[in-house]
Amino acid sequence: MKGAAERVHTVGVLRMSFRDQRSVRPVYDFEAKTSPCREACPAGHDIAAALHLAREGRFDAALALFLAESPFPSITGRVCYHPCEAACNRASYDGAVHINLLERAAAEHGRRTPAAAAARRGERVAIIGAGPAGLTAAYHLLRWGYRVTVYERHTAPGGMLRYGIPEYRLPARIVEAETERLAALGLEYRLGCRVGQDVAFQDLLVGYDAVFLAAGLAAAKKLPVPGVGDVPAKAGIDFLRRVREGTLRRVEGSVLVIGGGDVAIDAARTAARLGAADVQLYCLEDRQTMPAHPEEISEAEREGIGLHPAWAPIRFAPRAAGLLAEFRGVERLEQGRPVLTEAAAAHTADLCLYAIGQEAMAPFLPSEMFENGRLLVNELGQTRLPSLFAGGDLTGTYSVVQAIGSAKRAALGIDCHLRGRDARELLPRLTIGAGPALSLRRYEALSPASDGQPAPRSVTKFAALNLDYFPRQPRGPRPQLSLAARRGFSEVNLSLAEEAARQEGRRCFNCGACTVCGNCFTFCPDAAVLQLPGGYFTIDEERCKGCGVCVEECPRAAMSMVQEAEVAP
């Protein structure tokens with residue numbers, strides 16, 4: 001490999017000084033390291049390991065790794081905003097790995113081993129809300145043997161997965177399959193049941209050993225603009241729900257959308273698919289700070305949605321069968337409030353859809369448990385009521401994958417609460433990198449006699465990698481449905497075929513991980529690297545002179561040079 005021979009020669013010349021000082025030694029410390037993508041993943045997926053399996057075509061094993069941390073790789077592989085890719089070291093080289101696509105590929109090409117619940121425990125857990133947070137908590141608690149019942153106000157489970165995300169992003173069949181798998185695992189659904197009306201909240205607190213509240217933010221915030229009550233205006237989230245329920249199948253005329261978040265973008269793209277002649281979106285934020293995901297914004301523009309950033313609606317007035325909206329320019333936002341300019345604009349439309357945020361629908365909880373509209377919880381989702389835990393949007397998340405992460409923490413909190421364990425003492429062993437992601441796979445592997453070794457905290461940065469071993473292979477485009485084919489609600493983002501997924505998996509640096517490439521064995525000038533029966537390597541300390549060639553030639557920084565005193569005897 002280019003550069004390797006020169007490096008071996010250089011460190012070989014320096015080897016005598018290392019041997020004389022005997023001050024540093026190489027160690028395999030990949031178990032203490034993590035990749036930046038995993039640290040950035042709210043679900044805590046072991047991405048580097050899963051992608052290594054995918055590149056080998058071992059999609060079953062890759063899927064099993066994803067399922068160890070989350071029940072929904074087939075869902076997050078479609079709708080996650082993939083912060084992992086923003087953190088990917090390959091982004092500094094030739095383009096981030098398509099991690100999101102590979103998670104979906106694992107779900108589609110891997111065969112699931114039916115999840116087996118642990119031995120039944122006597123404790124019972126109630127979950128309020130069958131959205132991504134509630135179902136994730138149920139999944140892990142069922143796997144640990146608890147009897148779990150979920151109470152859902154809608155007549156079908158899924159929450160925002162079923163009623164809020166459009167079909168072109170998340171097909172209903174995917175949500176159906178996932179909720180049915182949970183039922184097969186033992187989850188009991190109480191559908192069409194409103195807590196506080198059909199069942200008393202206090203009865204759940206008394207009748208169950210723990211309660212997990214994941215009711216979400218189901219109520220749309222009202223648009224505080226004069227005249228909005230006099231014109232045809234609807235909340236975007238209610239509009240999306242009616243479309244998913246099948247009670248709204250057609251939109252006539254032109255549509256004005258107010259808002260710059262994901263719900264607003266979804267509402268705009270959905271209105272266009274339902275036949276709207278024209279869809280224009282106005283929002284307070286400028287183009288760079290719109291809260292919607294950049295990819296969704298770009299797709300909306302490609303589909304003909306007109307975007308008008310930095311405009312604030314100031315007045316509505318009825319016009320024939322429609323409305324007139326008046327706007328002022330926005331210079332900047334101060335604590336979320338617009339500072340207006342003298343610039344003015346007006347827009348007429350037949351229908352206005354607004355999406356400026358959502359609020360909680362939990363009237364059974366006292367107001368003092370909330371702060372700024374969010375339910376107060378500790379780092380394990382526990383409220384001030386010891387047996388009441390909460391997660392999802394109600395506690396401040398704003399995406400599916402963050403809801404999954406919050407539910408994992410709450411599931412851990414519930415399990416420790418019911419078993420009498422000190423969850424806060426366990427957290428340092430489970431947290432990945434700087435957090436907040438944690439590994440429940442690691443939690444399940446802990447034994448009562450665990451020595452408390454911390455979870456991987458050292459994040460492998462781009463500068464630590466040996467790029468000589470990674471030929472450039474730029475990131476390719478995401479496979480998508482053509483614009484001409486986007487007439488209805490067919491899924492826009494498509495899957496990778498198996499070979500394409502394997503090829504994309506090969507682009508992963510597997511930062512900080514040992515893939516048993518054998519470089520350390522090959523380049524060691526003293527034959528001090530020995531291969532273990534399981535495939536990994538070890539250092540023969542009697543032969544090792546501390547030259548550092550093995551560390552230098554490790555492509556993925558799975559090895560380090562440490563001071564002699566740091567090496568365990």
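## Strands β12, β13 and β14

Two strands pair if DSSP finds at least two bridges between them. Strands themselves are DSSP runs of E with at least two residues, and helices are runs of H or I with at least four, both numbered from the N terminus. On that basis, β12 and strand β13 (residues 322-334) run antiparallel and are joined by eight bridges. One bridge partner pair is Trp311 with Gly329 in β13.

This is a predicted model, in which local features need pLDDT of at least 70, side-chain atom pairs count only at pLDDT 80 or more, and totals for chains, interfaces and linings use all residues. Residues are numbered from 1 along each chain as its sequence is written, and side-chain values use heavy atoms, with hydrogens and water left out.

The three strands form an open sheet in the order β12-β13-β14, with antiparallel pairing. Its edge strands are β12 (311-319) and β14 (337-349), each pairing on one side only. Neighbouring strands of this sheet are turned by 15° against each other on average, direction ignored. Axes here are lines fitted to C-alpha atoms, for helices over the stretch in contact, and angles run from 0 to 180 degrees between N-to-C directions.

## Strand β6 and its partners

Strand β6 covers residues 210-213. It pairs with strand β3 (residues 124-128) in the parallel sense, over four bridges. Within that pairing, Ala126 has Val211 of β6 as its bridge partner. β6 also pairs with strand β19 (residues 388-390), again in the parallel sense, over three bridges. There, Phe212 stands opposite Phe389 of β19.

Both faces of β6 are covered. Ala210 and Phe212 are buried on one side, Val211 and Leu213 on the other. Buried means under 20% relative accessible area, exposed means over 50%, and partly exposed lies in between (1.4 Å probe, protein chains only).

## Helix α9

Helix α9 spans residues 132-143. Its end C-alpha atoms are 17 Å apart, which agrees with the 16 Å expected for twelve residues at 1.5 Å a residue. The expected span is 1.5 Å times one less than the number of residues.

Twelve of the twelve residues of α9 are buried, so the helix is largely enclosed by the rest of the structure. The buried set includes Pro132, Tyr139, His140 and Arg143. Just after α9, Gly145 takes a positive phi of about 100°.

## Where α9 meets α16

The axes of α9 and helix α16 (residues 400-419) come within 8 Å and cross at roughly 40°. The two helices are therefore oblique to each other. Angles under 35 degrees count as roughly parallel, over 145 as roughly antiparallel, 65 to 115 as roughly perpendicular, and the rest as oblique. The crossing is right-handed, meaning that the near helix is turned clockwise from the far one by less than a right angle; anticlockwise would be left-handed.

On the α9 side, the contact is made by Pro132, Ala133, Thr136, Ala137, His140 and Leu141. On the α16 side, the residues include Val400, Ala403, Ala407, Lys408 and Ile414. Contact means heavy atoms within 4.5 Å. An α-helix has 3.6 residues a turn, so residues three or four places apart point the same way.

## Two residues to inspect

His140 lies in helix α9. At 0% relative accessibility, this residue counts as buried. His140 touches Ala68, Glu69, Ser70, Lys408, Ala411 and Leu440, not counting residues up to four places away in sequence.

Pro386 sits in the loop between β18 (374-375) and β19. At 49% relative accessibility, Pro386 counts as partly exposed. Pro386 and Ile414 are 28 residues apart in sequence and 9.5 Å apart in space, C-alpha to C-alpha.
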